[in-house]
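Here is a short, friendly tour of a protein model, with the sequence and coordinates to follow along. Keep your viewer open as you read.

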Amino acid sequence: MPRQTPAWGSMRLPRRKFLHLTAVALGAPLIARSANAQAYPARPVHIVLGFAAGGAPDIAARLVAQWLSERLGQQFIVENRVGAGGNIATEAVIEASADGYTLLMAGLWNAVNATLYEKLKFDFLRDIAPVASVSRENYGMEVQPSFPARTVPDFIAYARANPGKLNMASAGNGTGPHMAGELFKIMAGVDMLHIAYRGSPPALTDLLAGQVQLTFGPLSSSIEYVKAGRLRALGVTAPTRLDVLPDVPAIAEFVPGYEASGWYGVCAPKHTPAEIVDLLNREINAGLAEAKLKARFADVGSTVLTGSPDDFAKHIADETEKWGKVVRTANLRAD
């Protein structure tokens, strides 16, 4: 007896069931992403930083890492990968898996390096996902107590009388202290020799030992030396005086329009799921709004800097343009 082929109509799924299954299939990737975001973080997270432990960026990174560890129930570990003005750390994060488990503590150096370095393997603005800004760092124009100049105008006069004879230490090429000094040189019309170190701690060590004459020291790592009288702050780089050092004038009081502040923030590899970026942004902003953490930043002369990922992206773009002009004006080149 010949086999009978079932009628096509008998093989059809009911329309309602077909549409339901289709919706489930199409929604599966969204559900999976949502589940992954809800499970995040399921293991320790690394925050990579391109500078040595103990410096201002490291302090900011560890404050954020401690808060996130307590808040999210997983370890956030600061990993110091020093070298190339922060580019080694930046490249490592850009090339990492976009799963939220490798983050970058970014800063002013990233905006500067876009112009300072001619052959980077990445485009920071294009290849990174801004997560959250963290803080704004102020610098002190610091000398030894025995230095002949006691005010900013005195220093300018002394530097002009001794062109090229003063050594200005910084945390490295393209770092905030370096750029604060270069902007001062341009606006005050003075000539100083830049000495680049591998982070602020060794620069401060040589300043304290009298090996160099000046640094624009991040207050988060140098303020205790100023308060103890081991260093003299001639001025601060903020546009106005700071509550933490009320007797120290702003450099802008003598050099109109001068302002140089660093900043720190958390970034992730491009294509990190939006759910993870939003979670981290929300938790970091919650920490910065918390009185205890805000006070810890204020104690070292820093100001918390909150906002959305889009706000942080705009800030990075604006800073890249601003400091690119300084790099070109001063004709700076990376070693």
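## Around S261

The side chains of S261 and E259 are joined by a polar contact of 2.8 Å. Bear in mind that this is a predicted model. A second polar contact links the side chain of S261 to that of R136, at 3.5 Å. Here are the two contacts in a form that is easy to check:

| Side-chain pair | Polar contact distance |
|---|---|
| S261 and E259 | 2.8 Å |
| S261 and R136 | 3.5 Å |

Where does S261 lie? You will find S261 in the loop between β9 (232-236) and β10. Is S261 buried or exposed? Its relative accessibility is 5%, so S261 counts as buried, the cut-off for that label being under 20%. Leaving out residues up to four places away in sequence, S261 touches L108, R136, E137, N138, Y139 and E319.

## The six-stranded sheet

The strand that follows this loop, β10, belongs to an open sheet of 6 strands. Their order is β2-β1-β3-β10-β4-β11, and the pairing is mixed. At the edges are β2 (76-80) and β11 (302-304), each of which pairs on one side only. From one strand to the next, the twist averages 30°.

At one end of that order, β1 (residues 45-49) and β2 run parallel and are joined by 5 bridges. I47 has V78 in β2 as its bridge partner. Helix α4 (residues 87-94) packs on the sheet, where it touches β1, β3 (102-107), β4 (128-137) and β10 (262-269). The direction of α4 makes about 145° with that of β3.

## A β-α-β unit

Another parallel pair is worth a look: strand β6 (residues 167-170) is joined to strand β7 (residues 193-196) by 4 bridges. S170 stands opposite A196 in β7. Together with helix α8 (residues 176-188), β6 and β7 make a right-handed β-α-β unit.

## Nonpolar cores

In soluble globular proteins, nonpolar side chains tend to be buried together. Which members of the largest nonpolar core touch the most other members? Of its 48 residues, they are M141, F155, F184, F216 and Y258. Setting aside neighbours within four places in sequence, Y258 is in contact with A180, L183, F184, M187, F216, T237, I251 and A252. Apart from this core lies another, of 35 residues, with Y40, V45, L49 and L288 among them.

Terms used
Residues are numbered from 1 along each chain as its sequence is written. This is a predicted model: local features need pLDDT of at least 70, side-chain atom pairs count only at pLDDT 80 or more; totals for chains, interfaces and linings use all residues. Side-chain values use heavy atoms; hydrogens and water are left out. A nonpolar core is a set of buried Ala, Val, Leu, Ile, Met, Phe, Trp, Tyr and Cys residues joined through side-chain atoms within 4.5 Å. Buried means under 20% relative accessible area, exposed over 50%, partly exposed in between (1.4 Å probe, protein chains only). Contact means heavy atoms within 4.5 Å. Two strands pair if DSSP finds at least two bridges between them. Helices (H or I, at least four residues) and strands (E, at least two) are DSSP runs, numbered from the N terminus. A crossover is right-handed if, with the strands pointing away from the viewer, the path from the first strand over the helix to the second runs clockwise. Axes are lines fitted to C-alpha atoms, for helices over the stretch in contact, and angles run from 0 to 180 degrees between N-to-C directions. A polar contact is a pair of N or O atoms within 3.5 Å; within protein, one must be able to donate a hydrogen and the other to accept it, and residues adjacent in sequence count only if both atoms are side-chain atoms.
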